[in-house]
Amino acid sequence: MKTTAIEAPYGSSIYTLAQSGTNEGSIAAHYVSGTGSEMKDKLSLEKRAKKKIIGQSMSLSLVDVAMAKNQPQRVQSYWNTYHCQSNVTSSGGRVYGKYCKNRFCPICLGIRKAELMNKYMPIIDTWEEPYFVTLTVKSYGKRSLKKMIDGCMHAFIQIKNAAKKRHQRGAGIKLMGIRSLECNFNPVRRTYNPHFHMIVPNKETADLLVSEWLKKWGSKYTVKWAQKASKIADNGLALTEIIKYGSKIFTIPDVDKKSKKKTPAHVYASALDNILTAMKGRRIFDRFGFNLPPKEIPKGGTITKLKQYDEWEFNATYTDWVSVYSGELLTNYKIPFALDQLLHNRVDVKLE
């Protein structure tokens with residue numbers, strides 16, 4: 001029998017639990033792995049629902065793209081993201097469910113972002129005058145994408161190793177910082193632009209990186225004005241920019257210089273698939289020149305026995321998780337009209 005979702009007051013399900021079928025003795029004990037996620041306020045619940053609907057919608061488009069390219073492994077990977085957190089269990093103000101752990105999954109990326117912020121903010125806050133650095137190359141078509149990404153990685157490793165040797169000889173500064181690899185797609189020119197974003201401790205390090213990058217690539221592959229080095233005003237915002245995954249899912253083409261007319265955002269699924277494929281196996285986010293404080297790694301997984309709980313299934317029609325027992329909605333999230341239109345009407349699976 002089909003369950004009809006009903007409007008429930010916020011918090012009645014996740015905190016007090018729907019009483020239908022969740023009392024001890026009426027349902028067998030349920031086991032969950034991990035520590036779950038704390039869903040403590042309306043905003044965090046709504047954000048989770050928004051990430052889920054974006055991830056699910058994008059995954060379907062990427063499945064179509066990978067099937068058309070006859071790439072079964074990528075098809076499976078995209079299906080994994082489609083099912084990420086589709087079924088969850090709530091108990092005691094926490095939500096438990098399986099994660100796909102894919103780099104491009106909005107839900108998993110949000111968790112990864114929080115973990116990295118906690119790890120690296122204490123480090124960056126000790127740096128006296130941190131700088132934000134962008135190192136980039138010229139844009140090329142899809143056939144050169146993997147080659148240019150490989151070249152960026154190789155060039156940075158060479159710069160890092162050379163600086164390390166100079167420092168060990170007492171002839172240069174110690175090169176250190178954090179960096180992320182990103183790639184943009186330009187739907188007007190149909191080109192891809194791989195580049196690094198970095199946070200480094202000072203201007204001297206920033207200037208060294210820009211100088212060495214220009215020497216390494218030469219004028220054939222890059223230009224001086226495209227490299228950026230600027231003093232950071234807000235460490236938190238800068239780190240957020242570094243941590244985000246290395247591809248922009250929603251792409252806004254260049255403004256028409258004659259009419260000044262802005263084109264609405266689009267999703268270019270085939271181009272995104274090209275970027276994800278070219279970056280596969282690459283460490284997108286990394287540190288260099290320093291180590292993190294040692295952290296104790298827990299042994300084995302955490303298994304929790306729940307006696308009172310509720311189970312939820314994500315329903316794309318309601319853009320929400322629906323209780324399998326009561327039909328209540330977990331978050332009461334309402335997708336904005338603009339996002340709904342984007343995901344349903346402006347996803348291009350061919351342009352690349």
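Lys-215 is a good place to start, in helix α5 of this predicted model. Is Lys-215 buried or exposed? At a relative accessibility of 60%, Lys-215 counts as exposed, because the cut-off for that word is over 50%. Its side chain still has a partner: Lys-215 and Glu-212 form a salt bridge, with N and O 3.7 Å apart. The two residues sit three places apart in helix α5, so about one helical turn separates them. Glu-212, for its part, is buried, with a relative accessible area of 17%. Lys-215 also gives a first taste of how the chain folds back on itself: Ile-159 is 56 residues away from Lys-215 in sequence, yet their C-alpha atoms are 9.9 Å apart in space.

**More along helix α5**

Helix α5 covers residues 203-217 and holds another pair to look at, Asp-207 and Lys-203. Their side chains meet in a salt bridge, at 2.7 Å from N to O. These residues are four apart in the helix, so they too are separated by about one helical turn. Asp-207 is partly exposed at 35% relative accessibility, and Lys-203 is partly exposed as well, at 41%.

**A pair that links two helices**

How many salt bridges does the count come to? The answer is eleven. One of them joins Asp-273 to Arg-74, with the closest N and O atoms 2.8 Å apart. Asp-273 belongs to helix α7 (residues 269-279) and Arg-74 to helix α2 (residues 72-83), so this pair ties together parts of the chain that are 199 residues apart in sequence. Asp-273 is buried, with a relative accessible area of 0%. Arg-74 is buried too, at 18%, a value that falls under the 20% cut-off. Both residues also belong to a network of salt bridges, in which they are linked with Lys-69, Lys-142 and Glu-352.

Here are the three salt bridges described so far, side by side.

| Pair | N to O distance | Relative accessible area |
|---|---|---|
| Lys-215 and Glu-212 | 3.7 Å | Lys-215 60%, Glu-212 17% |
| Asp-207 and Lys-203 | 2.7 Å | Asp-207 35%, Lys-203 41% |
| Asp-273 and Arg-74 | 2.8 Å | Asp-273 0%, Arg-74 18% |

**Phe-285 and its neighbours**

Now turn to strand β11 (residues 285-288), where you will find Phe-285. This residue is buried, with a relative accessible area of 9%. Which residues is Phe-285 in contact with, leaving aside its neighbours within four places in sequence? They are Arg-112, Leu-116, Tyr-120, Ile-178, Arg-179, Ser-180, Ile-242 and Ile-243. For Arg-179 there is also a C-alpha to C-alpha distance: it lies 5.9 Å from Phe-285, although the two are 106 residues apart in sequence.

**A positive patch on the surface**

Lys-47, Lys-50, Lys-51 and Lys-113 form a positive surface patch. Which element gives the most to the positive patch? It is helix α1 (residues 42-68), which contributes three residues. Lys-50 lies in helix α1 and is partly exposed, with a relative accessible area of 38%.

**Two loop residues with positive phi**

Two residues in loops are worth a visit for their backbone angles. Thr-319 has a phi near 45 degrees, a positive value in a residue other than glycine. You can find Thr-319 in the loop between β13 (310-315) and β14 (320-323). At 8% relative accessibility, Thr-319 counts as buried. Asn-332 is not a glycine either, and its phi is positive at about 60 degrees. The loop that holds Asn-332 runs between β14 and α8 (337-345). With a relative accessibility of 14%, Asn-332 counts as buried.

**Stepping back to the whole chain**

With these places in mind, look at the overall picture. The protein chain has eight helices and 15 strands. Of its 352 residues, 45% are buried. The chain exposes about 19400 Å², and carbon and sulfur atoms supply 53% of that area. What share of contacts between residues at least 6 apart in sequence join residues at least 24 apart? The share is 75%. The pairing of Phe-285 with Arg-179, 106 residues apart in sequence, is one example of such a contact.

Key
Residues are numbered from 1 along each chain as its sequence is written. This is a predicted model: local features need pLDDT of at least 70, side-chain atom pairs count only at pLDDT 80 or more; totals for chains, interfaces and linings use all residues. Side-chain values use heavy atoms; hydrogens and water are left out. Patches are made of residues with over 30% relative accessible area and no salt bridge: like charges are joined within 9 Å, nonpolar side chains (Val, Leu, Ile, Met, Phe, Trp, Tyr) within 5 Å. Accessible areas come from the Shrake-Rupley method with a 1.4 Å probe; for residues, only the protein chains shown count as cover. A salt bridge is a side-chain nitrogen of Lys or Arg within 4 Å of a carboxyl oxygen of Asp or Glu. Lys and Arg count as positive and Asp and Glu as negative; His and the chain ends are not counted. The place of a charge is taken as NZ of Lys, CZ of Arg, CG of Asp or CD of Glu. Buried means under 20% relative accessible area, exposed over 50%, partly exposed in between (1.4 Å probe, protein chains only). Contact means heavy atoms within 4.5 Å.
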